[in-house]
Amino acid sequence: MTDTLHPEDRKLITLARATRARNGVAEGAAVRDETGRTYVAGTVALDSLRLSALQTAVAMAVASGATSLEAAAVVSEAAAVPDTDRAAVRDLGGPATPVLLAGPDGTPGATITAG
């Protein structure tokens, strides 16, 4: 699967993995908007605010003026992307937006849609 991954999608995984490692958080995520800009985030775990890395990355894209998403990636130990994360991607990118899930070592796993 790694050999068939588009270079821009590989970049999303690399950015998400680096953020996860650098910040020492459970997840790292990256999204690419309709203009090719990327937004990278880690898990937010405050007493008053809890957001997954993917929710945070989508929020950053929206706050920066993005109107759509081309793709999203999550680096996590989780075996699946939660419905709430897929919903955030779907809200901005639509149901066909690909969401890539990779393990902590950056190895791509499943690619699903936000659907």
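Strand E1 sends its residues to two sides: Gly28, Ala30 and Arg32 point one way, while Ala29, Val31 and Asp33 point the other. All of them are buried. The model is predicted, and E1 is a good place to enter it. In a regular strand, side chains alternate between the two faces of the sheet. In E1, six of the six residues are buried, so the strand is largely enclosed by the rest of the structure.

What lies on either side of E1? Start with strand E2. E1 covers residues 28–33, and it pairs with E2 in the antiparallel sense over five bridges. Two of the matches are easy to find. Gly28 has Gly42 of E2 as its bridge partner. Arg32 has Thr38 of E2. Between the two strands runs a hairpin connection of four residues. Gly36 in this hairpin takes a positive phi near 95°.

Now look at strand E5. E1 pairs with E5 as well, again in the antiparallel sense, and this time over six bridges. Arg32 appears here too: its bridge partner in E5 is Ala71. Strands of a sheet pair through backbone hydrogen bonds, either parallel or antiparallel.

Step back to see the whole sheet. In which order do its strands lie? Five strands form an open sheet, and the order is E2-E1-E5-E6-E7. The pairing is mixed. E2 (38–42) and E7 are the edge strands, and each of them pairs on one side only. From one strand to the next, the twist averages 15°.

Go to the E7 edge. Strand E6 (residues 98–102) pairs with strand E7 (residues 108–113) over four bridges, in the antiparallel sense. Leu100 stands opposite Thr111 of E7. E6 and E7 also form a hairpin, with five residues between them. The turn contains Gly106, which has a positive phi of about 90°.

Next come the helices. Helix H2 lies across E1, E2, strand E5 (69–75) and E6. H2 runs at about 140° to E2. Helix H3 lies across E5, E6 and E7, and it runs at about 165° to E5.

How do H2 and H3 meet? The axes of H2 (residues 53–63) and H3 (residues 83–93) come within 9 Å and cross at roughly 20°. That angle makes H2 roughly parallel to H3. The crossing of H2 past H3 is left-handed. On the H2 side, the contact is made by Leu54, Gln55, Val58, Ala61 and Val62. On the H3 side, Thr84, Asp85, Ala88, Val89 and Leu92 take part. Sorted by type, the residues of this contact are seven nonpolar, two polar and one charged.

Finish with one residue of H3, Gly93. Is Gly93 buried, exposed or partly exposed? Gly93 is partly exposed, because its relative accessible area is 22%, and the cut-off for buried is under 20%. Leaving aside its neighbours within four places in sequence, Gly93 is in contact with Ser68 and Leu69. Leu15 is 78 residues from Gly93 along the chain, and the C-alpha atoms of the two are separated by 19 Å.

Technical notes. Residues numbered from 1 in each chain as written. Predicted model: local features only at pLDDT ≥ 70, side-chain atom pairs only at ≥ 80, totals over all residues. Heavy atoms only, no water. Axes fitted to C-alpha atoms, helices over the stretch in contact; angles between N-to-C directions. Parallel < 35°, antiparallel > 145°, perpendicular 65-115°, else oblique. Left-handed = near helix turned anticlockwise from the far one by under 90°. Contact = heavy atoms within 4.5 Å. Nonpolar A, V, L, I, M, F, W, Y, C, P; charged D, E, K, R; others polar. Pairing = 2+ DSSP bridges. Buried < 20%, exposed > 50% of the residue type's maximum accessible area, 1.4 Å probe, protein only.
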